[in-house]
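The following exercises are to be worked through with the sequence and the structure at hand. Each task is followed by a solution in steps.

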Amino acid sequence: MIAIIGLGFVGLTTALGFSEKGHKVYGFDLNKEKTDTILNKKLPFHEKGMLEALERNLGKNFFIANSIQDAVKNSKVVILCVGTPSDENGKADLTYIKSAIDDILKSTDKKNKNIIVIKSTIPPSTTKNELVPYIESKGFKTGKDIFVSNNPEFLREGHAWDDFINPDRIVIGTNDEYTKEIMTTIYKSFNVPIHFVSLNTGEFIKYLSNTFLATLISYSNEMSIIADSIGDINIKSAFEIFHEDKRWFGNPANMQSYAYPGCGFGGYCLPKDTQALVQKAKEFNYDAKILKNVLNVNSEIKPHWISKIEKEVSKDAKIAILGLSFKPESDDIRQTPALDIINLLLRSGYKNIKAYDPISNELFDKVYKLPISYAKDMNTAVADANAVVLVTGWNEFIKNSDLLKNKKVYDLRYIL
């Protein structure tokens with residue numbers, strides 16, 4: 001049995017979704033007007049398909065509880081879907097979550113091993129650093145008397161019902177096997193991948209999704225301002241034609257490879273064209289803030305990696321660099337991140353550097369003439385290395401990753 005605390009957009013969708021899947025669900029909301037509306041088989045908001053779901057499930061699998069206590073005492077899993085508005089400084093206000101937790105704990109028998117699931121959107125580290133200590137300050141031992149996890153939602157308004165019933169994946173932030181077992185049970189019928197991750201990772205994935213979408217929107221708006229500033233550009237047509245790029249649709253490449261972290265972009269086009277558009281916008285009296293920050297972050301990511309290496313690798317260590325071209329399946333070394341990484345290592349005092357690239361060794365050496373050595377193959381490069389820095393995502397490095405066992409590896413492309 002499942003309790004849903006908060007019957008707003010997310011809460012009611014979640015409650016009816018689990019009801020539709022055959023679970024017994026108790027819903028509670030402090031707003032009596034809202035619960036009365038629901039009891040009268042009406043929705044407090046418009047969402048396609050949900051009114052019919054309410055009519056099918058109310059009084060059968062879905063029940064309105066008179067109090068949090070009534071909802072909790074009948075349920076193994078208690079899902080919080082209460083609001084987390086921004087405070088005056090932009091931080092997430094946890095007042096409603098903590099208030100709900102107070103009421104839940106008052107109604108919880110420690111022998112029942114209840115699981116509190118945070119579905120409300122809260123910033124990464126909140127469950128671990130704020131909510132778990134808060135619960136334990138009330139006399140409960142998490143992982144023993146009560147269990148805490150997060151389960152972010154990925155619902156689009158206007159499509160929430162279909163998004164819940166037919167999700168692309170389920171994300172559960174948890175630290176214990178008991179929660180994994182129970183959450184697997186309630187989500188089993190959805191027949192999609194269930195990803196069990198750390199508490200912080202669960203929260204981060206939600207923000208990764210939302211901030212990416214926000215960035216795409218603001219990026220597109222900034223580009224429209226630049227276009228207007230330059231003039232004689234049909235913005236609507238430009239974007240529609242831009243969307244015909246085959247990278248949006250999966251083959252031979254897709255946008256996933258761009259929306260993925262690494263050590264920065266390089267090559268001839270991206271750095272040059274981004275810089276040029278920033279300057280062109282300036283000529284037309286517009287400060288392209290997002291594009292400027294794109295370039296700034298591209299510069300900052302390399303020292304970020306070097307800082308991690310410096311903390312863990314001594315200056316007299318032997319370092320292997322895997323990959324010199326700016327991308328795999330290419331010998332293009334123009335503005336390659338490998339150049340910056342190697343130069344930063346040299347400036348930091350690392351002198352024993354050996355590099356290997358499947359096809360770019362000779363060209364890199366000829367053009368840049370750095371005081372490093374080169375290996376004829378991957379095995380030679382890493383054999384006596386104390387640390388390995390993987391800079392370019394060649395498939396050869398993935399296929400031969402067994403050569404990296406027992407090595408200190410810095411995977412700058414997150415491919416291993």
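**Exercise 1. Determine which residues line the largest cavity, and describe that lining by class and by helix.**

Solution. The structure is a predicted model, and the steps below refer to that model.

Step 1. The lining of the largest cavity is made up of Ile118, Lys119, Ser120, Thr121, Ile122, Asn150, Pro152, Gly202, Glu203 and Lys206.

Step 2. Sorted by class, this lining has three nonpolar, four polar and three charged residues.

Step 3. Helix α9, which runs over residues 199-230, gives the most to the lining, with three residues.

Step 4. The space in the largest cavity is about 50 Å³. With a threshold of 30 Å³ or more, the count comes to one cavity.

**Exercise 2. State the volume of the second largest pocket and describe its lining.**

Solution.

Step 1. The volume of the second largest pocket is about 260 Å³.

Step 2. Its lining consists of 18 residues; nearest the centre of the pocket lie Gly6, Asp29, Leu30, Val82 and Tyr96.

Step 3. By class, the lining of this pocket divides into 10 nonpolar, five polar and three charged residues.

Step 4. Helix α5 supplies the largest share of the lining, four residues.

**Exercise 3. Compare the span of helix α5 with the expected value, and explain where its buried residues lie around the axis.**

Solution.

Step 1. Helix α5 covers residues 95-106, 12 residues in total.

Step 2. From its first C-alpha to its last, α5 reaches 17 Å, close to the 16 Å expected at 1.5 Å a residue.

Step 3. The buried residues of α5 are Ile97, Ala100, Ile101, Ile104 and Leu105. They lie on the same side of α5, because they cover an arc of only 135° around the axis.

**Exercise 4. Find how many disulfides the structure holds, and explain why Cys263 has no bond to Cys269.**

Solution.

Step 1. A disulfide is a covalent bond between the sulfur atoms of two cysteines. The cut-off to apply is a pair of cysteine sulfur atoms within 2.5 Å.

Step 2. For Cys263, the closest cysteine sulfur is that of Cys269, at 18 Å, and therefore too far for a bond.

Step 3. The structure as a whole holds zero disulfides.

Step 4. Buried means under 20% relative accessible area. Cys263 is buried because its relative accessible area is 0%. Cys81, at 11% relative accessibility, therefore also counts as buried.

Key:
Residues are numbered from 1 along each chain as its sequence is written. This is a predicted model: local features need pLDDT of at least 70, side-chain atom pairs count only at pLDDT 80 or more; totals for chains, interfaces and linings use all residues. Side-chain values use heavy atoms; hydrogens and water are left out. Buried means under 20% relative accessible area, exposed over 50%, partly exposed in between (1.4 Å probe, protein chains only). On a 1 Å grid over the protein atoms alone, a cavity is a set of points where a 1.4 Å probe fits but cannot get out, and a pocket is an open set with protein on both sides within 12 Å along at least five of seven lines; lining residues have an atom within 4 Å of a point. Grid points are joined across faces, edges and corners, and a volume is the space filled by probe spheres set on the points. Helices (H or I, at least four residues) and strands (E, at least two) are DSSP runs, numbered from the N terminus. Ala, Val, Leu, Ile, Met, Phe, Trp, Tyr, Cys and Pro count as nonpolar, Asp, Glu, Lys and Arg as charged, and the others, Gly among them, as polar. The expected span of a helix is 1.5 Å times one less than its number of residues. The arc is that of the directions from the helix axis to the C-beta atoms.
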